[in-house]
Amino acid sequence: METTTAIAPDRRRPLGRLAGLLRMGLRPLLDIGLPPLCPSCREPVRDAGGLCATCWSRLNFITRPYCERLGIPFAFDPGPGILSMQAIADPPAYARARAAVRFDDVARALVHALKYGDRLDVVPTLGRWMASAGRELLADADALVPVPLHWRRLWARRFNQSAALAHAISVAANVPVTTALKRVRATRSQVGLSKAERAHNIQGAFRVPAAARGEISGHRLVLVDDVLTSGATVDACARVLLRAGAAQVEVLVFARVVDAVRLPI
Ligand SMILES: [Zn+2]
């Protein structure tokens with residue numbers, strides 16, 4: 001299965017390469033005597049990419065009981081195999097979703113540090129947490145599929161955070177990564193849109209090129225993204241993958257927004 005690097009090709013962006021080279025060159029100087037910083041609160045920590053004790057204790061890892069389909073945590077245990085009201089009333093195209101943590105202050109700070117702060121050192125840690133949360137999904141997965149960025153955004157950001165996370169999970173869980181899913185249309189930010197608007201905004205944004213169908217058809221796939229909000233993006237991706245012949249599509253994210261969950265009556 002084809003694998004790829006999470007870093008955008010620098011040859012398309014000479015200034016980015018120059019900045020990268022400068023940073024690489026200066027890193028040994030900058031690192032001397034400077035302790036690594038907590039990616040969430042920027043307090044000094046012992047290990048690069050690790051959280052300080054305070055932020056660690058404020059992270060909310062998602063554990064059972066949760067909806068077996070959507071992975072949304074239940075406030076109390078309704079018994080084995082019970083699905084949430086959302087999963088029954090509005091089932092997604094993907095089979096199951098799992099998230100490592102709830103999207104709260106610390107999780108948001110971690111995602112922002114990764115996406116906008118160039119803190120790629122947090123990736124191995126987040127990847128390990130995700131591999132642990134998605135253990136059941138990864139056990140029989142054929143490949144990981146990062147949610148792709150449009151090339152223009154990839155250019156601006158220099159790397160795709162979902163691809164970086166997928167590669168870290170790949171290392172932890174020994175499942176290969178495929179880049180057969182492409183984003184063919186740039187979409188505006190989903191922030192501030194209603195659920196219906198999000199679904200409309202993302203329509204037609206993803207495609208599996210005919211030449212890459214062999215990497216999808218008949219395969220059990222796990223989509224990887226950083227944050228799951230309404231699920232519109234991963235749902236659109238799952239539909240495209242299933243249309244391209246995927247045997248099964250599941251979803252693994254670092255953090256998910258958790259609203260009050262309703263149980264079936
Ligand atoms: Zn901290």
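A residue counts as buried when its relative accessible area is under 20%, as exposed when that area is over 50%, and as partly exposed in between. The exercises below apply this scale and others to a predicted model.

**Exercise 1. Determine how confident the prediction is along the protein chain, and where confidence is low.**

Solution. Begin with the whole chain: the mean pLDDT is 87, and 85% of the residues reach 70 or more. Next, look for a stretch of low values: over residues 1–12, pLDDT stays under 50. For this stretch the model has 31 contacts beyond four places in sequence. Where pLDDT is low, predicted coordinates should not be read in detail.

**Exercise 2. Describe the overall make-up of the protein chain.**

Solution. First, take the secondary structure, which comes to 10 helices and six strands. Second, consider burial: of the 265 residues in the protein chain, 46% are buried. Third, turn to the contacts between residues at least 6 apart in sequence; 74% of these join residues at least 24 apart.

**Exercise 3. Decide whether Asp 235 is buried or exposed, and identify what the residue touches.**

Solution. Locate the residue first: Asp 235 belongs to helix α10, which spans residues 232–243. The relative accessibility of Asp 235 is 14%, so the residue counts as buried. Leaving aside residues up to four places away in sequence, Asp 235 touches Pro 92, Ala 93 and Tyr 94. For Ala 93 a distance can be added: a polar atom of the Asp 235 side chain lies 2.6 Å from the backbone nitrogen of Ala 93.

**Exercise 4. Classify the ring pair formed by Trp 151 and Trp 155.**

Solution. The structure holds five aromatic pairs. In the pair of Trp 151 and Trp 155, the ring centres are 6.0 Å apart and the planes stand at 65°; planes over 60 degrees apart count as edge-to-face, so this pair is edge-to-face. As for position, both residues lie in helix α7 (residues 151–157), where four residues, about one turn of the helix, separate them. Accessibility completes the description: Trp 151, at 43%, counts as partly exposed, and Trp 155, at 36%, also counts as partly exposed. Elsewhere, ring pairs link Trp 56, Phe 61, Trp 129 and Phe 254 into a cluster.

**Exercise 5. Place strand β6 among its partners, and state how much of the strand is covered.**

Solution. Start with burial: strand β6 covers residues 248–256, and eight of its nine residues are buried. One partner is strand β1 (residues 97–102), which pairs with β6 in the parallel sense over five bridges. Within β6, Val 253 stands opposite Ala 99. Another partner is strand β5 (residues 220–228), which runs parallel to β6 and is joined to β6 by eight bridges. Here Leu 223 has Val 251 of β6 as its bridge partner. Finally, consider the connection: β5, α10 and β6 form a β-α-β unit that is right-handed. Helix α10 of this unit is the helix in which Asp 235 is found.

**Exercise 6. Characterise the setting of Phe 76.**

Solution. The loop between α2 (53–58) and α3 (85–89) contains Phe 76. With a relative accessible area of 52%, Phe 76 is exposed. To compare sequence with space, take Tyr 66: Phe 76 and Tyr 66 are 10 residues apart in sequence, while the C-alpha to C-alpha distance is 8.9 Å.

Definitions and conventions:
Residues are numbered from 1 along each chain as its sequence is written. This is a predicted model: local features need pLDDT of at least 70, side-chain atom pairs count only at pLDDT 80 or more; totals for chains, interfaces and linings use all residues. Side-chain values use heavy atoms; hydrogens and water are left out. pLDDT is the predictor's confidence in each residue, from 0 to 100. Contact means heavy atoms within 4.5 Å. Helices (H or I, at least four residues) and strands (E, at least two) are DSSP runs, numbered from the N terminus. Buried means under 20% relative accessible area, exposed over 50%, partly exposed in between (1.4 Å probe, protein chains only). A polar contact is a pair of N or O atoms within 3.5 Å; within protein, one must be able to donate a hydrogen and the other to accept it, and residues adjacent in sequence count only if both atoms are side-chain atoms. Rings of Phe, Tyr and Trp (its six-membered ring) pair if their centres lie within 6.5 Å; planes under 30 degrees apart count as stacked, over 60 as edge-to-face and the rest as tilted. Two strands pair if DSSP finds at least two bridges between them. A crossover is right-handed if, with the strands pointing away from the viewer, the path from the first strand over the helix to the second runs clockwise.
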